[in-house]
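User: I have a model open here and would like a close look at one part of it. Could you walk me through that part and then link it to its surroundings?
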Amino acid sequence: MASDRPSKPHGTFTPASTVGRVLSAAGYKPFQTRRDTAFGGHRCSWIPYQNVTEVRHRCGDDTPEEARDVERQDMLTEYDQLLTAKGYVVEWIGSGYALRVRPADLTVQM
């Protein structure tokens, strides 16, 4: 059967999937949608031209609008602490809506 992702074969992991697995292994759930309901969690995206993984926290549908900023900041702070403890270099983006994550040994890998 042909791959449904021809530019990214099955079994190929990006640094974003690695960071996502670290967060999931620590008990943080990934962002998911089911039918017409969204469950809050982390979302990791690999940005190849910058060699960084962008980590965002997306709030679930059941989170009140006025509590979303607080929840996002709290969860990103927890992600920051965990990833820093695991040896990743973490920096906040802009006003704190996401994190940029680099492997600590990125200069050695290049």
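With which arginine does aspartate 69 form a salt bridge, and how many Å apart are the closest N and O atoms?

Analyst: Happy to take a look with you! The partner of aspartate 69 is arginine 72, and the closest N and O atoms of this salt bridge are 2.9 Å apart. The term stands for a side-chain nitrogen of Lys or Arg within 4 Å of a carboxyl oxygen of Asp or Glu.

A word on the ground rules before we go on. This is a predicted model, where local features need pLDDT of at least 70 and side-chain atom pairs count only at pLDDT 80 or more, while totals for chains, interfaces and linings use all residues. Residues are numbered from 1 along each chain as its sequence is written, and side-chain values use heavy atoms, with hydrogens and water left out.

Now back to your pair. Aspartate 69 and arginine 72 are separated by about one helical turn, because they sit three residues apart in helix H2 (residues 68-85). Helices (H or I, at least four residues) and strands (E, at least two) are DSSP runs, numbered from the N terminus. Aspartate 69 is exposed, with a relative accessible area of 54%, whereas arginine 72 is partly exposed at 22%. For these labels, buried means under 20% relative accessible area, exposed over 50%, and partly exposed in between, with a 1.4 Å probe and protein chains only.

The count of salt bridges comes to four, and two others are worth a visit. Glutamate 65 and arginine 68 meet through their side chains at 3.7 Å, N to O; glutamate 65 is exposed, with a relative accessibility of 63%. Glutamate 54 and arginine 56 are joined as well, at 2.7 Å from N to O. Here the acid, glutamate 54, is buried at 13% relative accessibility, and arginine 56 is partly exposed at 33%.

Next to arginine 72 in the numbering comes glutamine 73, which also lies in helix H2 and is partly exposed at 31% relative accessibility. Setting aside neighbours within four places in sequence, glutamine 73 is in contact (heavy atoms within 4.5 Å) with Trp92, Ser95 and Gly96. Its C-alpha is 7.5 Å from that of tyrosine 97, although the two residues are 24 apart in sequence.

Helix H2 also takes part in the one aromatic pair of the structure. The rings of tyrosine 28 and tyrosine 79 have centres 5.2 Å apart and planes at 80°, so the pair is edge-to-face. The rule is that rings of Phe, Tyr and Trp (its six-membered ring) pair if their centres lie within 6.5 Å, with planes under 30 degrees apart counted as stacked, over 60 as edge-to-face and the rest as tilted. Tyrosine 28 belongs to the loop between helix H1 (15-25) and strand E1 (32-34) and tyrosine 79 to helix H2, so the pair ties together parts that are 51 residues apart in sequence. Both tyrosine 28 and tyrosine 79 are buried.

Following arginine 56 takes us to the strands. Arginine 56 in E4 stands opposite arginine 43, and E3 and E4 run antiparallel, joined by seven bridges. Two strands count as paired if DSSP finds at least two bridges between them. Asparagine 51 is found in the loop between strand E3 (41-47) and strand E4 (52-58). Although asparagine 51 is not a glycine, its phi is positive, at about 55°, and the residue is partly exposed, with a relative accessible area of 26%. Strand E4 is also joined to strand E6 (residues 98-103) by three bridges, again antiparallel, with threonine 53 opposite valine 101 in E6. E4 is largely enclosed by the rest of the structure, because five of its seven residues are buried.

Last, how far can you trust the coordinates? The mean pLDDT (the predictor's confidence in each residue, from 0 to 100) is 80 for the protein, and 79% of its residues reach 70 or more. Confidence is highest in strand E5 (residues 88-93), at a mean of 92, and lowest in helix H3 (residues 106-109), at 40. Over residues 106-110, pLDDT stays under 50, and the model has two contacts beyond four places in sequence for this stretch. Where pLDDT is low, the predicted coordinates should not be read in detail.
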